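Work through the exercises below with the sequence and the coordinates open side by side. Each one sets a task and then gives a solution in steps.

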Amino acid sequence: MKIQIDDKTFEPFIPEAKILERVAEVANQITEDYRDRKPLIIGVLSGSFLFLADLVKQITPPTEISFVKIASYDGERSTGKLKVQLGLYSDLTDRHVIVVEDIVDTGHTLQFLLEMIYAEKPASVQVCSLLYKPAACGLSFKELSYIGFEIPSEFVLGYGLDYKGRGRNLRDIYRLAPN
């Protein structure tokens with residue numbers, strides 16, 4: 001079923017059942033990879049909050065959770081201007097860090113965040129992203145180890161992602177419908 005938010009129409013793209021199945025698979029891989037370590041998971045707000053909540057409930061090694069908020073979107077597109085709205089408050093020195101993102105699109109936000117994290121001298125850094133747009137991302141990240149879904153360069157919302165602050169509460173992921 002299509003939904004309308006302001007001036008945009010969205011159509012179903014990834015159903016909740018498929019999302020939750022993939023989240024469980026990613027959580028199992030992180031559990032295996034971090035079996036003997038205590039990772040610090042840093043959620044990138046606001047979009048990652050649902051993904052992060054579902055993910056960490058299924059990771060069995062003891063974890064700590066922290067958050068950062070970096071804004072770059074204005075409606076449908078990244079502005080390219082990054083603004084830290086909530087910074088790093090955990091000591092990252094010699095910690096095994098997993099950054100949890102909702103989406104890696106252009107890669108500029110992730111690049112900016114990784115520079116902040118590496119300045120704190122962590123033992124290791126990995127990135128877990130629910131969605132990844134390889135065609136839109138002009139950057140390469142060796143840290144991008146856990147990907148829920150690779151998607152085309154389309155605007156999406158739901159399951160934490162929004163359009164003008166709305167739609168984050170949708171259980172499924174929707175994409176912008178063609179005109």
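The exercises begin with the overall make-up of the model and then turn to helices, strands, one loop residue and the cysteines.

**Exercise 1. Overall make-up and confidence**

Task: State how many helices and strands the protein has, in which order they run, and which elements have the lowest and the highest mean pLDDT.

Solution. Step 1: This is a predicted model, and its secondary structure comes to 3 helices and 10 strands. Step 2: Read from the N terminus, the elements follow the order β-β-α-β-α-β-β-β-α-β-β-β-β. Step 3: The mean pLDDT of the protein is 90, with 90% of its residues reaching 70 or more; among the elements, strand β5 (residues 77–86) has the lowest mean, at 57, whereas α1 has the highest, at 98. Step 4: Of the 179 residues, 45% count as buried, and among contacts between residues at least 6 apart in sequence, 69% join residues at least 24 apart.

**Exercise 2. Length and sidedness of helix α1**

Task: Compare the expected span of helix α1 with the distance between its end C-alpha atoms, and then determine which of its residues are buried and what they pack against.

Solution. Step 1: Helix α1 covers residues 16–33, and at 1.5 Å a residue its 18 residues should span 26 Å, counting one less than the number of residues. Step 2: The end C-alpha atoms of α1 are 26 Å apart, which agrees with the expected span. Step 3: The buried residues of α1 are Ile19, Val23, Val26, Ala27, Ile30 and Thr31. These residues cover an arc of only 140° around the axis, which puts them on the same side of α1. Step 4: The general background is that an α-helix has 3.6 residues a turn, so residues three or four places apart point the same way. Step 5: On the face of α1 turned away from the buried side lie the exposed residues Ala17 and Glu21. Step 6: The packing partners of the buried residues of α1 are β2 (8–14), α2 (49–56), β6 (96–104), β7 (124–132), β8 (144–150) and β10 (173–176).

**Exercise 3. The buried side of helix α3**

Task: List the buried residues of helix α3 and say how they are distributed around its axis.

Solution. Step 1: In helix α3 (residues 108–118), the buried residues are Thr109, Leu110, Leu113, Leu114 and Ile117. Step 2: Their arc around the axis is only 130°, which puts them on the same side of α3.

**Exercise 4. The open antiparallel sheet**

Task: Give the strand order of the open sheet, identify its edges, and trace the pairing of β2 with β1 and with β10.

Solution. Step 1: The open sheet has 4 strands in the order β1-β2-β10-β9, and the pairing is antiparallel. Its edges are β1 (3–5) and β9 (156–157), each with a single partner strand, so one side of each is left without a neighbour in the sheet. Step 2: β1 is joined to β2 by 3 bridges; Ile3 stands opposite Phe10, and Ile5 opposite Lys8. Step 3: The hairpin formed by β1 and β2 has 2 residues between the strands, and Asp6 in the turn has a positive phi of about 50°. Step 4: β2 is joined to β10 by 4 bridges, with Pro12 having Tyr174 as its bridge partner.

**Exercise 5. Strand β6 and its parallel partners**

Task: Decide how far β6 is covered, and describe how it pairs with β3 and β7.

Solution. Step 1: β6 is mostly covered, since 8 of its 9 residues are buried. Step 2: Strand β3 (residues 40–45) runs parallel to β6 and is joined to it by 4 bridges, and Gly43 has Val100 in β6 as its bridge partner. Step 3: β6 and β7 also run parallel, joined by 8 bridges, and the bridge partner of Ile103 is Leu131 in β7.

**Exercise 6. A loop residue and two cysteines**

Task: Locate Arg166 and its contacts, then classify Cys128 and Cys137 by accessibility.

Solution. Step 1: Arg166 lies in the loop between β9 and β10, and its relative accessibility of 40% makes it partly exposed. Step 2: Leaving aside residues up to four places away in sequence, Arg166 touches Ile5, Asp6, Leu157 and Leu161. Step 3: Arg166 and Ile5 are 161 residues apart in sequence, yet 7.5 Å apart in space, C-alpha to C-alpha. Step 4: Buried means under 20% relative accessible area; Cys128, at 0%, is buried, and Cys137, at 10%, counts as buried. Step 5: With a cut-off of 2.5 Å between cysteine sulfur atoms, the count of disulfides is 0.

Conventions. Residues numbered from 1 in each chain as written. Predicted model: local features only at pLDDT ≥ 70, side-chain atom pairs only at ≥ 80, totals over all residues. Heavy atoms only, no water. Buried < 20%, exposed > 50% of the residue type's maximum accessible area, 1.4 Å probe, protein only. Arc of directions from axis to C-beta. Contact = heavy atoms within 4.5 Å. Pairing = 2+ DSSP bridges. pLDDT = per-residue confidence, 0-100.
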